[in-house]
Amino acid sequence: MSDPMLPRWLVLLAGSMLLAELLRRIGLPASALLGPMICGIVAGVTGQGLRLPGPVFPLALGVVGCLIATSLPLSVLASIVDKGPVFFAGVVSIVLVSAAAGFVLARTGVLPGTTALWGSSPGAATPMTIMSASYGADMRLVAFMQYLRVIFVSGSAAAVTRFFATAPAAHGTLAPAEGSAGAIAGTLLTIVVSTALAQRVRIPAGVLMVPLVVGAVLQDTGLLTIALPGWVRVPAYTALGWGIGLRFTPAIVRHALRASPWVVLSTLLVIGASGAVAWLLVLCGETDPLSAWLSCSPGGEDTIAIIASTTPGVDMSFVMAMQTVRFVLVLFTGPGLAHWLGRWLPSAADPGLPASPSKADAS
């Protein structure tokens with residue numbers, strides 16, 4: 001007897017592929033994730049009753065963890081040590097401004113509980129979205145905030161680049177090299193083993209963090225060359241998009257639309273504050289205006305890397321070192337900062353919203 005859900009899955013898959021390709025063609029970042037997530041939201045809101053099989057979502061998170069590990073090589077330490085005070089002053093300023101914006105949104109009740117704090121984190125959009133559920137925030141609204149900001153940041157970065165640069169930025173995709181069969185097999189084995197270990201030890205967001213740490217250590221010690229070809233990455237992005245999108249309900253969508261004017265305003269304020277930090281870097285004589293702006297853009301590290309690498313005159317090492325420092329800082333201090341600030345917030349419950357996904361769903 002055929003599965004009654006199969007036609008719905010096929011429709012979801014076809015729609016996700018078409019939308020992801022459309023978003024890619026217009027140059028939208030993270031299209032392979034956003035397309036499935038949008039289609040998943042439609043399926044969730046229309047009551048299609050689709051749910052991912054148990055191991056799919058954790059394994060997709062393991063892929064993302066190893067993908068993040070490729071952007072954390074030890075070589076970035078040289079740039080950090082060379083300009084340490086400048087890096088950390090700029091990074092901490094942006095993190096504090098973003099945290100303040102999130103705190104105001106949360107304190108005024110625009111978004112429930114610590115959701116606004118997680119959604120305002122300046123970078124690591126996918127990891128922060130996934131980890132937020134493990135710490136009691138509403139992952140669906142966090143995703144709404146994070147990816148809305150990625151769109152605004154990417155657009156502003158592209159606009160500034162066109163203003164300062166003599167040649168336009170080109171779209172592209174940064175990804176680990178395809179690698180040999182042995183490297184791919186070793187990477188997949190690392191993902192499976194570290195994901196299984198994370199589920200056994202049951203630490204918050206462990207299925208993301210354990211593969212990240214294990215992958216980074218193995219890579220930097222020369223024991224593993226992380227290789228994630230497209231046929232591994234794209235299904236993982238699709239699963240993540242569906243895992244987030246299928247959790248949406250009509251009540252969640254209504255709440256997101258009500259909050260969107262305030263979320264947009266806070267995003268623009270954070271981008272403006274980041275621009276002010278970039279201008280201070282220029283005044284201090286540390287770098288040129290374009291490199292300063294790209295290095296301070298709050299999020300969308302992959303898109304910023306693409307723009308920086310295809311624009312003449314950009315100090316690529318400065319931009320990516322500062323983006324990487326902020327990425328690591330947000331990734332490892334974000335949970336603690338959200339928990340600490342959450343102590344001064346009103347009750348996390350919102351009577352107009354259904355229950356947030358359980359911790360088990362994201363760990």
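**Exercise 1. Give the handedness of the H3/H9 crossing, then describe the packing.**

Solution. The crossing of H3 and H9 is right-handed; a crossing is right-handed if the near helix is turned clockwise from the far one by less than a right angle, and left-handed if anticlockwise. This is a predicted model, where local features need pLDDT of at least 70 and side-chain atom pairs count only at pLDDT 80 or more, while totals for chains, interfaces and linings use all residues. Residues are numbered from 1 along each chain as its sequence is written, and side-chain values use heavy atoms, with hydrogens and water left out.

Step 1: geometry. H3 spans residues 56-69 and packs against H9 at an angle of about 115 degrees, with the axes 9 Å apart. Axes are lines fitted to C-alpha atoms, for helices over the stretch in contact, and angles run from 0 to 180 degrees between N-to-C directions. Helices (H or I, at least four residues) and strands (E, at least two) are DSSP runs, numbered from the N terminus.

Step 2: partners. Pro58, Leu59, Gly62, Val63 and Cys66 in H3 meet Thr190, Ile191, Val192, Thr195 and Gln199 in H9. Contact means heavy atoms within 4.5 Å.

Step 3: classes. The H3/H9 contact holds six nonpolar, four polar and no charged residues. Ala, Val, Leu, Ile, Met, Phe, Trp, Tyr, Cys and Pro count as nonpolar; Asp, Glu, Lys and Arg count as charged; the others, Gly among them, count as polar.

**Exercise 2. Find how H9 packs against H10, and classify the angle.**

Solution. Step 1: H9 (residues 181-201) and H10 (residues 206-220) pack at about 135 degrees, with their axes 8 Å apart.

Step 2: That angle makes H9 oblique to H10. Angles under 35 degrees count as roughly parallel, over 145 as roughly antiparallel, 65 to 115 as roughly perpendicular, and the rest as oblique.

Step 3: The H9/H10 crossing is right-handed.

Step 4: On the H9 side, the contact residues are Thr190, Ser194, Thr195, Leu197, Ala198 and Gln199; they meet Gly206, Val207, Val210, Pro211, Val214 and Leu218 in H10. By class, the H9/H10 contact has seven nonpolar, five polar and no charged residues.

**Exercise 3. Classify the angle between H13 and H15, and list the contact.**

Solution. Step 1: H13 (residues 289-296) and H15 (residues 316-342) pack at about 20 degrees, axes 8 Å apart. H13 is therefore roughly parallel to H15.

Step 2: The crossing of H13 and H15 is right-handed.

Step 3: Ser291, Leu294, Ser295 and Cys296 in H13 meet Phe318, Val319, Met322, Gln323 and Arg326 in H15. These residues divide into five nonpolar, three polar and one charged.

**Exercise 4. Trace the surroundings of alanine 69.**

Solution. Step 1: Alanine 69 lies in H3. Its relative accessible area is 0%, so alanine 69 is buried. Buried means under 20% relative accessible area, exposed over 50%, and partly exposed in between (1.4 Å probe, protein chains only).

Step 2: Leave out residues up to four places away in sequence. Alanine 69 then touches Leu212, Gly215, Ala216, Gln219 and Ile226.

Step 3: Take alanine 216. The C-alpha atoms of alanine 69 and alanine 216 are separated by 4.7 Å, with their positions 147 residues apart along the chain. Alanine 216 sits in H10 and counts as buried at 13% relative accessibility.

Step 4: Cysteine 66 and alanine 216 are 150 residues apart in sequence; their C-alpha atoms are 7.4 Å apart.

**Exercise 5. Is leucine 6 buried or partly exposed, and what of serine 98?**

Solution. Step 1: Leucine 6 belongs to H1 (residues 6-25). At 44% relative accessibility, leucine 6 is partly exposed.

Step 2: Serine 98 belongs to H5 (residues 84-107). Serine 98 has 0% relative accessible area and is buried. Beyond its neighbours within four places in sequence, serine 98 contacts Ser120, Pro122 and Val270.

**Exercise 6. Explain why H7 is largely enclosed, then place H7 in the whole chain.**

Solution. Step 1: H7 covers residues 125-134; 10 of its 10 residues are buried, so H7 is largely enclosed by the rest of the structure. Among them are Pro127, Met128 and Ile130.

Step 2: Glycine 136 follows H7, with a positive phi near 95 degrees.

Step 3: The chain has 16 helices and zero strands. Of its 363 residues, 53% are buried.
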